[in-house]
Amino acid sequence: MNYLLLKSTYALLVAACFMHTFAEQPVKLLKEEKKNNIVISGTYKPESFFGDKFSTFNKGDTNFFARHTLDVSGTYKNSGITFKGTVRNKSPWGSEDGIAKTTSSTFKMNEVVVGEHTHALPRNIFWLRELYAEIDLSKVAAIPVELLHTVKFGSFSYQLGRGIALGDAFAVGSESLGFYSDSAVDRFAYGLLISDELIQNKLNHEFYVALLQNKAGSLSDINAKILGQEYGRLQTPARGFGSVHFLVSGALKWRVFEDIQANKLELQPYWLVTHEPEQNVEYPADAKMLLGTIGFASEMNFNEFEFGFDCAINLGQQQVKGWDRNAIIFESRDGVPTAVNSHVFAGTPTADTSQRLVYVTGSATQKAVDQAFRSVKQNGLEITGVADGLTSQSSVFNGTNRFRDPYVNIFNGYMAIADASYWFANKTVRFSGMAAIASGDDFPNFNPIDGNYSGFVGIQELYAGDRVKSAFLLGGAGKMKRPFSKPTFDEAPDKFQTAAVSGFSNLMALGTSVLWKPVNNDHLIKVQPNIISFWQHYPTGNARPYLGTELNLFVHYGMLENLEFFTTGSLFIPGSFYTDRKDAAYLNQEQLDVADQQDVTGFTADAVKGLNDNIALTLNMGLKFTF
């Protein structure tokens, strides 16, 4: 027994010595770096905006406003962990409503869901823009490895390549169309980033998971009755568990070489998969999407020459559900709000004398309407259950587009962008050129049949250029919209009348710029004019593809060490696309309803200006104070 006790004690001592030797260096490192470091920093940016003909290119389409953006960040660093939080306040000057509004919600009168409403928050509030912790796993676990392994979780900025396939624009501020803003993202998505260094300072792998929307976190969401119009769900309209919009992605970042002169070559292949279980084609949650993207990006600097590119292709599909468009709505009859079926008629639906069928709770007629066989083949036909004697009303017909059968859109879009620069005059003047293409297609849901969608689909994209910048057509959150063709099927929903594409899709561009950065030890000066011409990749609405040409100017002047003056001006000359689409409707029905909310006259023939082709002008200037 004594021998065994002695032997066990000896083994423990050997193990303790081994562990002490193995962990000695990390422990010393932890002791040396135990000192905490807390840094408070921030940015205050007051600015003003002016625009003329900047939205619809119409005369009188003019806007002016001023606002400020305040970001305050706190960073805490300890050995092995970094914690950072940023709060933001953004408010237009001269407005009691502020910039924040509640989310939209509906309300119900009897059996009719009536409209949507939101409310302003008349206070200057702060909100969390980012909040995350980053942990160095090797230091926390006291493992003596030279390669860096970290995990980062919370709300933080993350993108793939140049942010076209996947950007960080999770929640974007309500910027006005045509106004450039380099801080438009008001909140970043919540996610998890695992980063592993495979070769020190050479090769790094990243794995990213983001939670973009969760409808499985409360009983009210799980039991929300939103699917009663889906084929086969009349008796089980609740959402159910599992409606989670998530994204996973991976990237391999390879720094092929880098020297002391800052010459370098970086390569980044990447991929992403996102599943969105609730998309809105015509109605909430009437479609779902599984999207995959494979891409490759690169950046190279060699002496005075710079070059970079980003390209990607889409895979996956959108599944649009079979849907009964019939809903109980209010209709004015002799000035009296009357509950009716939106897509069921008393009489032949194409006859001038037919009216929508009045909704009577629990009636035999309504039961027949609800139990009608759901198929596009029944559109425009008489509902047989009524004629068989369920009620005295014997001529009840489905509307000509009451039913929409399920269909699938296959994604096969692609995009590519490349730009290059060359520095002159001891790297004080830089000339750059850019070429870009993003595949396009017409709106995939105009014709409810199986098909392909060739337009490139980006996630949270807010790309406005790198070496060549766009301040108008791609700048900020209010990207210039290009209307699709009109729907081809009968009785198209109003919201389809003005369906449009914006951002880096269905687009081709050629541009050039000059950047002047004079050597000045007292003041930082940057002046960058850009000129870019844009075309549609896929013509829509029988309009010619030339969108127009943008001329813009970025100026930055460092007045003090932490105080900068900036201004951005743009001029957009609309092309033949907007000439051909003159007078095309620009606002959708929801936007028209908002504009009409304060009209008490009852006059309904309000004139709404469509698109035009006048030259647009925008100007943004302000100060940026950092601390």
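**Strand β28, its partners and a nonpolar surface patch**

In strand β29, I532 is the residue that stands opposite G511. The model discussed here is a predicted one, and G511 offers a convenient point of entry into it. On the other side of the pairing scheme, G511 of β28 also has M434 standing opposite, so that the description can be widened to the strands themselves.

Strand β28, which covers residues 507-516, is joined to strand β24 (residues 429-438) by 10 bridges, and the two run antiparallel. Strand β29, made of residues 525-535, is likewise antiparallel to β28, and 7 bridges join this pair. The two faces of β28 can be told apart by their cover: L507, A509, G511, S513 and L515 make up the covered face, whereas M508, L510, T512, V514 and W516 lie on the uncovered one.

From these strands one may turn to the surface, where a nonpolar patch of about 800 Å² is made by F50, F64, I531, L551, L571, I573, I615, L617, L619 and M621. Two elements, β31 (563-574) and β32 (616-626), each give two or more residues to this patch, and the largest share, 3 residues, comes from β32.

Among the patch residues is I615, which is placed in the loop between α7 (589-596) and β32. How is I615 classed by its accessibility, given a relative value of 44%? I615 counts as partly exposed because its relative accessibility is 44%, a class that lies between buried, under 20%, and exposed, over 50%.

Methods:
Residues numbered from 1 in each chain as written. Predicted model: local features only at pLDDT ≥ 70, side-chain atom pairs only at ≥ 80, totals over all residues. Heavy atoms only, no water. Patch = residues over 30% accessible without salt bridge, like charges linked within 9 Å, V, L, I, M, F, W, Y side chains within 5 Å. Areas by Shrake-Rupley, 256 points an atom, 1.4 Å probe, with all protein chains shown as cover. Salt bridge = Lys/Arg side-chain N within 4 Å of Asp/Glu carboxyl O. Helix = DSSP H or I, 4+ residues; strand = E, 2+ residues; numbered from the N terminus. Buried < 20%, exposed > 50% of the residue type's maximum accessible area, 1.4 Å probe, protein only. Pairing = 2+ DSSP bridges.
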